[in-house]
Amino acid sequence: MATYTQIQMIRLLRPLPASVAAAAALSACRLFSQETIKIGEYASLTGKEAAFGQSSHKGTVLAIEEANAAGGVLGRQIELVTEDDQSKQGESSTIVKKLISRDKVAGVLGEVASMRSLEAAPICQAYKVPMISPSSTNPKVTEIGPYIFRVCFIDPFQGTVMAKFAKDSLKLRRVAVLTSVSSAYSVGLAKYFKERFIADGGEVAIEQKFTEGDKDFNAQLTAIKAAGVEGIFVPGYYTEAALICRQARELEMAMPLFGGDGWEAPQLIEIGGAAVEGCYYSTHYSPQVDTPAVKAFVAKFKARYDGQTPDAMAALGYDSAGVMVDAIRRAGSTEGAAIRNAIAATKDYEGVTGSTTMDKDRNATKSAVVIMIKDGKFKFVQTVAP
Amino acid sequence: MTEFLQQLLNGLSLGAIYALIALGYTMVYGVLRFINFAHSDVFMVGAFIGYFAGSHLPHGTVWGGLVALAAAMAGCAVLGMTIERLVYRPLRGGPTLNVLITAIGMSLFLEYTGQLVFGATPRAFPSIFPSKVIAVHGLIVSMNQVIVIVVAAILMVALQFAVHRTKIGTAMRAVALNPKAAQLVGINIDVVISFTFGLGSALAGAGGVLYALNYPSIDPLMGVVPGLKAFVAAVLGGVGNIPGAALGALILGMVETFVDGSRWSTYKDAIAFAILIGILLFRPAGLLGRFTAEKV
Amino acid sequence: MPKPLIALLATVLLAFGVSNFSDRIDPYYLDVMTGVGINIILAVSLNLVNGYTGQFSLGHAGFMSVGAYLSAAITLFLGPRLLGDGGGSAVQQGLLFLGALLVGGTGAAVAGLAVGIPSLRLKGDYLALVTLGFGEIIRVVFQNVEALGGALGLNGIPNYTTVFWVYSFAALTVFTVVCLVRSTYGRGFIAIHDDEIASEAVGLNTTRYKIVAFVVGAFFAGVAGGLYGHFKLTITPTGFDFTKSIEIVVMVILGGMGNTIGVILAAILLTILPEVLRSVEQYRMIMYALLLIILMPVRPKGLFNFDYPAIVARLRRKFWPARE
């Protein structure tokens with residue numbers, strides 16, 4: 001007969017097999033339900049440049065959803081952590097710090113605008129978290145350090161694109177340049193345009209400046225009109241470009257106005273109306289380009305987002321996420337340094353904005369497209385290779 | 001020469017808009033002795049009312065434009081009077097600093113609620129008046145500019161009439177001169193102040209629509225900078241002085257346009273403030289104002 | 001040693017201690033703490049002008065930007081020359097940073113002088129607008145100076161700001177302002193706040209007091225600007241606009257104009273609140289606005305404006321009744 005103590009012990013031990021089984025089951029569960037891989041995104045979802053930020057965000061989300069549907073990366077699902085910088089200075093650095101230290105993201109995607117990329121890049125660099133900007137074109141962004149990349153071309157190239165187009169296709173010899181002093185993008189683009197245009201034998205007869213938020217350009221345009229030029233280069237954002245075109249037309253200035261990728265937004269035509277007809281701008285991609293990749297992307301985007309056509313920002317957002325995911329896959333780990341090296345080694349990645357290869361300065365050598373506004377719509381004109 | 005005349009015309013139309021806003025500031029200051037920071041946002045609301053009215057009315061017609069204008073003016077008058085009644089009146093009689101702070105709060109409230117409701121991205125203002133461009137000897141005159149100048153002039157004349165020839169206008173002037181004495185002779189201060197706010201806000205609303213006509217991109221923060229410049233104009237002309245506000249606005253509009261077309265265009269905001277500081281240093285009463293010594 | 005001085009030294013030592021352990025603290029919390037410290041400096045320095053002296057200044061961000069740009073210019077442009085290629089030792093970097101901050105503060109103080117003198121004969125609303133105007137002028141000037149980056153601003157600023165620097169200067173600011181105001185000389189500030197004409201009538205040099213208030217306030221705003229620049233590592237002219245000035249003014253109003261502890265509490269709250277409310281970010285400014293509107297009729301003294309010494313005394317009497 002067992003002693004009292006022995007019976008007690010047996011009673012105690014009775015749940016043991018069940019608990020061992022439970023523990024085994026639990027640990028097996030933990031083996032299968034892995035943590036997600038987090039990728040951070042900071043974008044201007046609200047504020048003055050919300051049009052760009054929302055566009056690139058949509059493209060990024062589509063890419064991540066696709067990747068997850070195909071099984072994720074490294075056997076894990078990807079979680080996109082997005083923060084809104086409200087198009088304001090000072091916010092990007094705080095939210096990127098939060099993404100890195102609190103959310104522990106493996107990589108950061110952003111930003112559309114060069115100014116805000118310049119703000120956040122030093123932080124990503126300091127914490128050794130790779131950052132890919134979808135569409136910041138100012139060269140200084142990637143100069144910050146080896147952890148900063150971009151999937152688009154840079155302003156020195158974009159400036160030459162429009163310079164060549166103005167000279168060769170539009171046959172302009174004498175132009176004016178109207179620059180926004182408030183943005184790194186505008187100042188940089190203007191500089192490179194001028195260099196190339198003058199080197200090609202053209203003349204920049206007059207330069208005028210404005211500030212972001214300005215509504216009245218009559219004074220600058222009147223001065224430009226008096227200088228008798230054949231075209232006006234306006235390397236700014238659509239908010240001002242639309243008004244500039246309108247006021248130019250009202251002053252009976254019929255010459256073409258042209259600009260860069262900052263022009264691309266539906267509001268350009270909404271606000272500009274008939275005034276922007278026959279104007280041109282350069283950008284990274286057009287939904288009308290006839291390649292299978294673009295066609296497939298446009299179809300997927302329309303299906304996901306209620307029939308909206310993706311613009312250049314959406315396409316670049318998509319590609320930046322694609323490159324990041326591809327790099328993580330090639331790196332085989334979520335280590336910052338490993339991902340960084342994999343991104344740097346990106347070669348001939350076939351995206352929707354063309355084939356991406358990272359050069360030694362961590363910029364992508366891509367072609368540009370020139371778009372014309374015709375009949376109230378954006379119309380693809382030509383591709384310009386680097 | 002053409003360029004000079006063109007800039008002159010541009011400056012005139014800009015000045016006309018500043019004048020409409022400045023009149024509101026100057027009237028409220030004359031009567032209540034405080035700067036209504038929220039005035040510039042009433043201007044913005046006017047533009048938005050015009051935007052929504054315009055989307056329901058046919059474009060390019062004169063009567064359509066006038067209806068939108070009237071709607072904006074009426075809407076802003078109501079808004080102005082409501083703000084006065086709910087927010088400023090309870091603080092009357094207290095230190096002016098408190099009202100100033102409340103006014104700043106009201107301004108921020110209108111701006112950021114606007115951003116929340118309308119989004120911060122600029123919208124295209126419909127061309128509610130017929131938009132034509134006439135060329136006169138190389139000078140380009142746009143219909144919108146003409147409308148701005150004409151409407152502003154009409155409103156200012158109407159205001160002068162109202163202030164000097166009507167009973168309520170006289171009451172306004174009395175309250176501006178001495179509130180306590182005005183009450184003693186039986187003037188209902190509340191009514192007068194409400195009316196002043198309503199009138200000033202209506203003018204700001206008109207200013208908003210006219211501004212949006214010329215610069216058809218509206219957003220909730222559009223009132224901040226024009227509002228500040230309009231205040232500078234009011235001070236330049238002599239705060240509390242209606243013709244002074246118009247004169248100051250005109251001068252400011254001209255100076256700003258000419259600076260804008262010159263090499264120093266990016267300093268144009270700073271110029272407006274430099275003028276403000278200059279005037280306050282050298283002639284604080286403004287160009288047409290009278291200096292009232294502060295009695296203890 | 002007088003009590004305020006002990007408090008100052010104790011805070012500096014504590015800050016030094018915390019700084020040394022900073023790598024054990026979550027960088028996000030460190031971030032927030034640094035932000036709180038900088039806002040304390042800004043709010044307390046503005047409190048001297050707006051609160052104690054009663055001069056409603058809306059251009060504090062302008063002084064901050066002068067300090068930020070000057071100090072950043074020194075560390076970015078002079079730094080490499082002074083420290084040499086190796087980057088210098090920690091002590092050398094610290095000295096350079098201190099020097100840069102002081103120069104930034106002095107530059108801002110000069111700006112304060114420039115703003116204060118013309119503004120002297122202005123009262124209330126006019127002063128508010130002129131200070132706002134000055135803030136905007138400073139911003140436009142920086143936007144146009146290419147050597148300081150123009151619209152792009154400066155970036156790549158060395159990361160010198162630590163908890164030690166921020167809280168030492170915060171303590172110094174509080175020390176200076178409180179001692180200044182409590183001194184016999186300092187009574188003048190409060191007199192001007194209460195009744196400027198009467199103060200003139202009894203022979204107070206109101207001009208000089210107002211200038212002193214502006215200059216001291218601007219100096220510390222400049223130091224805060226320098227700390228901010230070396231914290232965010234990027235500064236642009238538009239980051240120091242009217243909206244930033246308003247944020248600081250809200251702290252002072254909330255804390256109670258003229259109540260240093262209240263202002264410190266308000267600064268802490270208004271720095272932490274946006275972080276906590278990140279999910280409702282777009283409502284933040286609306287809530288600030290409503291706060292201002294509701295506060296004035298309901299509690300114009302400010303939310304945190306309590307008589308703290310009296311509260312402390314009462315608590316003491318309750319828990320240490322033996323102290324008779």
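Leaving aside its neighbours within four places in sequence, with which residues is B:Val232 in contact? In this predicted model, the partners of B:Val232 beyond that stretch of sequence are B:Leu252, B:Ala272, B:Phe273, B:Ile275 and B:Leu276.

**The nonpolar core**

B:Val232 also has a place in the largest nonpolar core, which has 334 residues, and it is listed there with B:Ala19, B:Leu20, B:Ala22, B:Ala47, B:Ala206 and C:Ala43 as the residues that touch the most other members. The element that gives the most to this core is helix 1 of chain B, covering residues 2–32, which supplies 15 residues. Chain A takes part as well: domain 1 (37–153 + 290–366) and domain 2 (156–283) of chain A both give residues to the core, so the core lies between these two domains. In soluble globular proteins, nonpolar side chains tend to be buried together.

**Two helices of chain B and the side facing chain C**

Within chain B, helix 3 (residues 62–88) and helix 4 (residues 96–118) have axes that come within 11 Å and cross at roughly 130°. An angle that is neither under 35 degrees, nor over 145, nor from 65 to 115 counts as oblique, and helix 3 and helix 4 of chain B are therefore oblique to each other. The crossing of helix 3 of chain B past helix 4 of chain B is right-handed. On the helix 3 side the contact is made by B:Ile83, B:Val87 and B:Tyr88, while helix 4 of chain B brings B:Val99, B:Thr102 and B:Met106.

Chain B also meets chain C, with 31 residues of chain B in contact with 30 residues of chain C. On the chain B side, the elements that give two or more residues are helix 4 and helix 11 (268–282), and the largest share, 14 residues, comes from helix 4 of chain B.

**Backbone details in chain A**

Some loops of chain A hold backbone features that deserve a separate look. The peptide bond from A:Gly110 to A:Glu111 is cis, with omega near -10°, and A:Glu111 is found in the loop between strand 3 (107–109) and helix 5 (114–126) of chain A. Two residues that are not glycine have a positive phi, as the table shows.

| Residue | Phi | Loop of chain A |
|---|---|---|
| A:Lys171 | about 55° | between helix 7 (155–169) and strand 6 (174–180) |
| A:Asp306 | near 55° | between helix 12 (292–304) and helix 13 (312–331) |

Are these residues buried or exposed? A residue counts as exposed if 12 or fewer other C-beta atoms lie within 10 Å of its own; A:Lys171 has 9 of them within 10 Å and is therefore exposed, and A:Asp306, with 7 C-beta neighbours inside 10 Å, counts as exposed too.

Terms used: Residues are numbered from 1 along each chain as its sequence is written. Chains are lettered from A and ligands numbered from 1 in the order in which they are written. This is a predicted model: local features need pLDDT of at least 70, side-chain atom pairs count only at pLDDT 80 or more; totals for chains, interfaces and linings use all residues. A nonpolar core is a set of buried Ala, Val, Leu, Ile, Met, Phe, Trp, Tyr and Cys residues joined through C-beta atoms within 7 Å. A residue is buried if 20 or more other C-beta atoms lie within 10 Å of its own, exposed if 12 or fewer, and partly exposed in between; C-beta atoms are placed from the backbone. Helices (H or I, at least four residues) and strands (E, at least two) are DSSP runs, numbered from the N terminus. Domain bounds come from an automatic or database domain assignment. Two residues are in contact if their C-beta atoms, placed from the backbone, lie within 7 Å. Axes are lines fitted to C-alpha atoms, for helices over the stretch in contact, and angles run from 0 to 180 degrees between N-to-C directions. A crossing is left-handed if the near helix is turned anticlockwise from the far one by less than a right angle, and right-handed if clockwise.
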